[in-house]
Amino acid sequence: MAETEAVAEGSAPSAKDERRVAGLAKRIGAFAQAHGGVEAQIAYVGERGVRIVLVGEDGGWGDIVEPSDRIARSAVEKAGVTLHEDLDGDFAAKVETGPYEWKRMAGIQIGG
């Protein structure tokens with residue numbers, strides 16, 4: 001995985017990592033405030049790292065890609081957000097999609 005994962009177990013996070021966690025937590029908090037609250041799920045996306053999927057109480061959603069799983073999880077925890085293991089069931093049902101998403105999904109299906 002990303003170089004930022006190469007931190008010895010039990011070692012203290014660096015000041016740079018703490019700033020990244022704080023910055024991500026601030027962005028997550030801003031999303032939560034704009035959408036009446038938020039829940040999250042973290043998904044591994046390969047060499048790029050992980051994707052923090054955010055789902056607002058109003059159905060709005062977004063994501064943030066972070067190279068380090070450890071930093072992503074720390075940021076979600078610092079933001080005080082419920083973290084789900086999977087994007088399914090009641091959690092997935094909260095996501096509201098609009099015409100843009102349906103058009104994009106249809107385009108992918110028909111080769112566009």
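Is aspartate 17 buried, partly exposed or exposed, and what is its relative accessible area? In this predicted model, aspartate 17 has a relative accessible area of 10% and is therefore buried, the limit for that class being under 20%. The residue takes part in a salt bridge described below, after the overall architecture.

The secondary structure of the protein consists of four helices and four strands. Read along the sequence, these elements follow the pattern α-β-β-β-α-β-α-α. Of the 112 residues, 33% count as buried. The protein exposes about 7300 Å², of which carbon and sulfur atoms supply 52%. Among contacts between residues at least 6 apart in sequence, 57% join residues at least 24 apart.

Confidence in the prediction varies along the chain. The mean pLDDT of the protein is 85, and 80% of its residues reach 70 or more. Among the elements, α2 has the highest mean pLDDT, at 97, and α4 the lowest, at 66. Where pLDDT is low, the predicted coordinates should not be read in detail.

Strand pairing was examined next. Strands β1 and β2 pair in the antiparallel sense over seven bridges, and within this pairing alanine 40 stands opposite leucine 54 in β2. The two strands form a hairpin with five residues between them. In the turn of this hairpin, glycine 46 has a positive phi of about 90°. Strand β2 also pairs with β3, again in the antiparallel sense, over six bridges. Here arginine 51 stands opposite valine 65 in β3. A hairpin is formed by β2 and β3 as well, with four residues between them, and glycine 59 in its turn has a positive phi of about 95°. Six of the seven residues of β2 are buried, so this strand is largely enclosed by the rest of the structure. In a regular strand the side chains alternate between the two faces of the sheet.

The largest nonpolar core comprises 17 residues. Among these, Ile28, Val38, Ile52, Leu54 and Val76 touch the most other members. The elements that give two or more residues to the core are α1 (15-34), β1 (38-44), β2 (50-56) and α2 (69-79). The largest share, five residues, comes from α1. The surroundings of valine 76 illustrate how separate parts of the sequence meet. With its neighbours within four places in sequence left aside, valine 76 is in contact with Ile28, Ala40, Ile42, Ile52, Val81 and Leu83.

Charged side chains provide further links, and the count comes to six salt bridges. One of them brings together the side chains of arginine 70 and aspartate 17, with an N to O distance of 3.2 Å. Arginine 70 lies in helix α2 and aspartate 17 in helix α1, so this pair ties together parts that are 53 residues apart in sequence. Its two partners are covered to unlike degrees: arginine 70 is partly exposed, with a relative accessible area of 26%, whereas aspartate 17 is buried at 10%.

Two other salt bridges involve lysine 94. The side chain of lysine 94 meets that of glutamate 39 at 2.1 Å, N to O. This pair links distant parts of the chain, since lysine 94 belongs to the loop between α3 (89-93) and α4 (99-109) and glutamate 39 to strand β1, 55 residues apart. Lysine 94 is partly exposed, with a relative accessible area of 29%, while glutamate 39, at 11% relative accessibility, counts as buried.

The side chain of lysine 94 also meets that of glutamate 57 in a salt bridge of 3.5 Å, N to O. Glutamate 57 lies in the loop between β2 and β3 (61-66), 37 residues from lysine 94, and this pair too links distant parts of the chain. Glutamate 57 is partly exposed, with a relative accessible area of 44%. Through shared partners, the salt bridges join Glu39, Glu57 and Lys94 into one network.

Definitions and conventions: Residues numbered from 1 in each chain as written. Heavy atoms only, no water. Core = buried A, V, L, I, M, F, W, Y, C linked by side-chain atoms within 4.5 Å. Buried < 20%, exposed > 50% of the residue type's maximum accessible area, 1.4 Å probe, protein only. Contact = heavy atoms within 4.5 Å. Salt bridge = Lys/Arg side-chain N within 4 Å of Asp/Glu carboxyl O. pLDDT = per-residue confidence, 0-100. Pairing = 2+ DSSP bridges. Areas by Shrake-Rupley, 256 points an atom, 1.4 Å probe, with all protein chains shown as cover.
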